Amino acid sequence: MDDYILENNDKFVKNFIILFGEKEGTSVMARLLNNFEKVSVLHHSNGSGWEPFDQHCCGKINSDDLFKCLNIIFSNDIINFQYLNKIYRRSSKEELSSFHSMNVSKGFKMRFTNPSAPRWMKAIPLLANFNYERKMIRLFKRHNVVVFIAIRRDLLRWALSKYHGNGSGKPGHLQFALADGRISRNDIPKIYVEDSKLMRLIHKCEKAHSHKYRLASFLRKAGVEVRFLEYEEFLDDKVIFFKKIQNALEIYNEDDEEIDNIIQRGASLEKVHSNDISEFVINSDSIMSKFGHYTICI
């Protein structure tokens, strides 16, 4: 047994991790989820850093420090945030925000990749993640962690959101610029979508889906509870969406009206792209005709 895996088999509440990629709606999901009384979503104290253990937030944290942090966060004890941040700040420029840590479901967003793996090792994913994944699985099981995996079934609109990027066809995230007031919706131009580039992005989205299902199977076989967070369901009915999360975490305090009130309090982020692609794609009729059938059924 590794030194950083705590010997604690007591189970009080279920904790969680949201595994995500890009353009899957998890930024607003996490912020809304943090509004629930019995849920605490870990992030930086300055209100940003909602992926606290991704390298852009935590820096090149070493493996020992990473798992020390995770064991402190997911333990059944009151979190000593001063001690936690002493470890976290060894690599991060920001500190983690404190919260009431007893009898709440604790979690955060992250990518299921080793943030401490050196650049050369990341070119060989199996080598970079082999030991890391098995350590994470032991941690998930020991601390009663539900793994939520974010997915989007509508491959066309997922690919288009990646294509649109910063609004000009280059990589970027418009929702943060909108939330900060740096731009308005009127500042977002329409773009002409090239078939070949879009097709490449759709294929990447298909591969991402396949990887997510393989990961879910891998974790379930190892005894980890896995649930999918479906972006389309989030858009269709947010009350049902969050009730499913609550049920998975065994939190039953809020009724439908309370959940709706929490949702109405909102988050600082808003949806960038309309379901009607003609609002941001110049050649929308042609794109829908050629690519509108690209959807994943589950």
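# Reading burial, salt bridges, cores and strands

Me: Arg111 has a relative accessible area of 31% and is partly exposed. Where do the limits between buried, partly exposed and exposed lie?

Reply: Buried means under 20% relative accessible area and exposed means over 50%, with partly exposed in between, calculated with a 1.4 Å probe on protein chains only. This is a predicted model, in which local features need pLDDT of at least 70 and side-chain atom pairs count only at pLDDT 80 or more, while totals for chains, interfaces and linings use all residues. Residues are numbered from 1 along each chain as its sequence is written, and side-chain values use heavy atoms, with hydrogens and water left out.

Me: Which residue forms a salt bridge with Arg111, and in which parts of the chain do the two partners lie?

Reply: A salt bridge is counted when a side-chain nitrogen of Lys or Arg lies within 4 Å of a carboxyl oxygen of Asp or Glu. Here the partner of Arg111 is Asp54, with 2.6 Å between the closest N and O atoms. The pair links distant parts of the chain, 57 residues apart, since Asp54 is in the loop between β2 and α2 and Arg111 in the loop between β3 and α5 (119-122); helices (H or I, at least four residues) and strands (E, at least two) are DSSP runs numbered from the N terminus. Asp54, unlike its partner, is buried, at 6%.

Me: How many salt bridges does the structure hold, and which residues are linked in a network?

Reply: There are 13 salt bridges, and a network of them links Lys14, Glu225, Arg227 and Glu250. Within this network, the side chains of Lys14 and Glu225 meet at 2.9 Å, N to O, and they link the segment before β1 to the loop between α9 and β5 (226-230), 211 residues apart. Lys14 counts as buried at 13% relative accessibility, whereas Glu225 counts as partly exposed at 24%. Another salt bridge, between Lys109 and Glu51, has an N to O distance of 2.8 Å and joins strand β3 to the loop between β2 (39-41) and α2, across 58 residues. Lys109 is buried at 1%, and Glu51 is buried at 12%.

Me: What is a nonpolar core, and which residues touch the most other members of the largest one?

Reply: In soluble globular proteins, nonpolar side chains tend to be buried together. A nonpolar core is a set of buried Ala, Val, Leu, Ile, Met, Phe, Trp, Tyr and Cys residues joined through side-chain atoms within 4.5 Å. The largest core has 38 residues, of which Ile17, Phe53, Met136, Phe140 and Leu219 touch the most other members. Among the elements that give two or more residues to this core are β1 (15-19), α3 (63-74), α6 (125-142) and α9 (195-221), and the largest share, seven residues, comes from α3. Leaving aside residues up to four places away in sequence, Met136 is in contact (heavy atoms within 4.5 Å) with Ile17, Phe67, Leu70, Met110 and Phe112. A second, separate core of 26 residues includes Met29, Val39, Val41 and Leu249.

Me: Which strands are joined to β4, and which way do the residues of β4 point?

Reply: Strands pair if DSSP finds at least two bridges between them. Five bridges join β4 to β1, in parallel, and Ile18 stands opposite Phe148 in β4. Five bridges also join β4 to β5, again in parallel, with Ile149 opposite Phe228 in β5. Val145, Val147, Ile149 and Ile151 point one way from β4, whereas Val146, Phe148 and Ala150 point the other way, and all are buried. The strand is thus mostly covered, with seven of its seven residues buried.
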